[in-house]
Amino acid sequence: MTEPDIKKGLAGVVVDTTAISKVNPETNSLLYRGYPVQELAATQPFEAVAYLLWNGELPTADELAAFRLTERRHRALSPVVKDAIDRLPLDSHPMDEVRTAVSVIGAIETAGIANVLDAVGTPEENQERSLTLFAALPAIVSYGQRRRRGLEPVEPRDDLDYAANFLWLTFGEDPDPVVVDAFNRSMILYAEHSFNASTFTARVITSTLSDLYSAVVGAIGALKGPLHGGANEAVMHIFDEIGTADQVEGWLDAALAEKRKIMGFGHRVYKRGDSRVPTMKAALDSLVEHYDKPAVGELYEKLESEFVGRKGIYPNLDYPSGPAYNLIGFDTLTFTPLFVAARITGWTAHIIEQQSSNALIRPLSLYDGADERHIDEYEPDTSAIDVLERPEEAAG
């Protein structure tokens, strides 16, 4: 019998088709519905990209206006969701806050639906659910950061677009256009990336005919891991460890000698460098100039140059986004929740696509455990039981 070819981590395995995104091998560009993501990030508001991912086409001016009007009606943080977050310890990881909040929203939205099949929802209902989560996540993420800082939540503003309102909710100040632009670009770059770990998790859950909220909660759990969404947090921890550009070589010598994994470099899909990095690096450069923090840029450049020169492994999107979010003022623990707020668009697009042509995702495994055996061959070791039954002998 021929042994199956095991693909650890499903590397190289094609499990389904998707019309949502791909990496074009000829140009090394990530495409959303056919559009290079760098073009979208340079020209579009995040709301238009969300619309594109869910509907397949960029919106007309009227469609975008209607989309924005609906999104702004769902921005306020529900008192029930706020109460659920308040009941969590202040030192809970922000991803646990986000996961809990989404679960509460789902429980509220599907309350009264006795048949779990009815909770799956129609494509139209799931478009509405997706937009509701998209609109609510900035309030959830920003409230988490504010409560950890001992600050009261800020009410959303309907005169601001998505990115500007997100910054307003977090910091309570009118954001500078340079910062809004950089943040908007980061959200677009993080919005979607085909069958990554969290998206695949969402599709697996969806394939069981579970509801959209359950699939998103599962995706959040997958994204929390440092080999996936948590990498942008890890990048900032590395920057904090190193300190300044002149410390890079010594730090890297020690890290490589210890065989540490240097987060922010390498990618399963990109072999010639992550196509999203130049766009995010340009956004980082604009923030370095805006905040007059040249040391951040120097550290970034030195670590990239040294690591690429020694290992030939290039940065991924998490490498420039970590210091960018830090400059904007987000706490390091908030970085991955920001990823959630962006990727909710891609996740829900995939959930709806999975539902449209569903097959239960249930791979096989190759068993390498004990050969078949039978209980009548089992002879338990009773010595421990004897000691428990005769404690005076054990003590003697």
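**Entry 1: helix α10**

I started with helix α10, residues 197–207, in this predicted model. I wanted to know which of its residues are buried. My list reads Ser198, Thr199, Phe200, Ala202, Arg203, Thr206 and Ser207. Arg203 caught my eye there, as a charged side chain on a list of buried residues.

Next I asked what covers the buried residues of α10. The cover includes α11, which spans 212–223, and α17, which spans 335–356.

Just past the end of α10 I stopped at Leu209, which takes a positive phi of about 70°. I made a note of that, because most residues other than glycine have a negative phi.

**Entry 2: the sheet**

I then moved to the strands. The protein has three of them, alongside 19 helices. How are the three strands ordered in the sheet? I read the order as β1-β2-β3, in an open sheet with antiparallel pairing. The edge strands are β1 (21–24) and β3 (35–36), and each of these pairs on one side only.

I counted bridges next. β1 and β2 are joined in the antiparallel sense by four bridges. Strand β2, residues 29–32, pairs with β3 over two bridges, again antiparallel.

For the β1 side I wrote down two partners across the pairing. Asn24 is bridged to Ser29 in β2, and Val23 stands opposite Leu30 in that strand. For the β3 side I also have two: Leu31 has Pro36 as its bridge partner, and Tyr32 has Tyr35.

Which way do the side chains of β2 point? Ser29 and Leu31 go one way, while Leu30 and Tyr32 go the other way. I checked burial on both faces and found all four of these residues buried.

**Entry 3: the two hairpins**

I looked at the turns that link these strands. The hairpin of β1 and β2 has four residues between the strands, and in it Asn28 takes a positive phi near 60°. The hairpin of β2 and β3 has two residues between the strands. Its residue with positive phi is Arg33, at about 50°, and Arg33 is not a glycine.

Is Arg33 buried or exposed? I put Arg33 in between: its relative accessibility is 25%, so it counts as partly exposed. The cut-offs behind that call are under 20% for buried and over 50% for exposed.

**Entry 4: ahead of β1**

I went back to the segment before β1, where Leu10 lies. Leu10 also has a positive phi, near 60°, and is another residue other than glycine. Its relative accessibility is 40%, so I logged Leu10 as partly exposed.

Asp5 belongs to the segment before β1 too. I logged Asp5 as exposed because its relative accessible area is 59%. Where along the chain does Leu366 sit relative to Asp5? The two are 361 residues apart, yet I get 9.7 Å between their C-alpha atoms.

**Entry 5: domains**

I turned to the domain assignment, which gives two domains. Domain 1 is made of 21–227 plus 333–357, and domain 2 covers 231–325. In the contact between them, 29 residues come from domain 1 and 25 residues from domain 2. I also noted how far apart the domains are: their C-alpha centres lie 26 Å from each other.

With those bounds in hand I went back to my earlier residues. Helix α10, at 197–207, falls within the 21–227 part of domain 1. The strand β1, at 21–24, sits at the start of that part.

**Entry 6: the whole chain**

I closed with totals for the protein. The C-alpha atoms fill a box of roughly 80 × 60 × 55 Å along the principal axes. Of the 396 residues, 47% are buried.

I also wanted the sequence range of the contacts. Among those between residues at least 6 apart in sequence, 75% join residues at least 24 apart.

For the surface, I noted about 19,800 Å² exposed, with carbon and sulfur atoms supplying 53% of it. How many charges of each sign does the protein carry? I have 36 positive and 60 negative. The mean positions of the two sets are 3 Å apart.

Key:
Residues numbered from 1 in each chain as written. Heavy atoms only, no water. Pairing = 2+ DSSP bridges. Buried < 20%, exposed > 50% of the residue type's maximum accessible area, 1.4 Å probe, protein only. Contact = heavy atoms within 4.5 Å. Areas by Shrake-Rupley, 256 points an atom, 1.4 Å probe, with all protein chains shown as cover. Charge placed at Lys NZ, Arg CZ, Asp CG, Glu CD. Domains from an automatic or database assignment.
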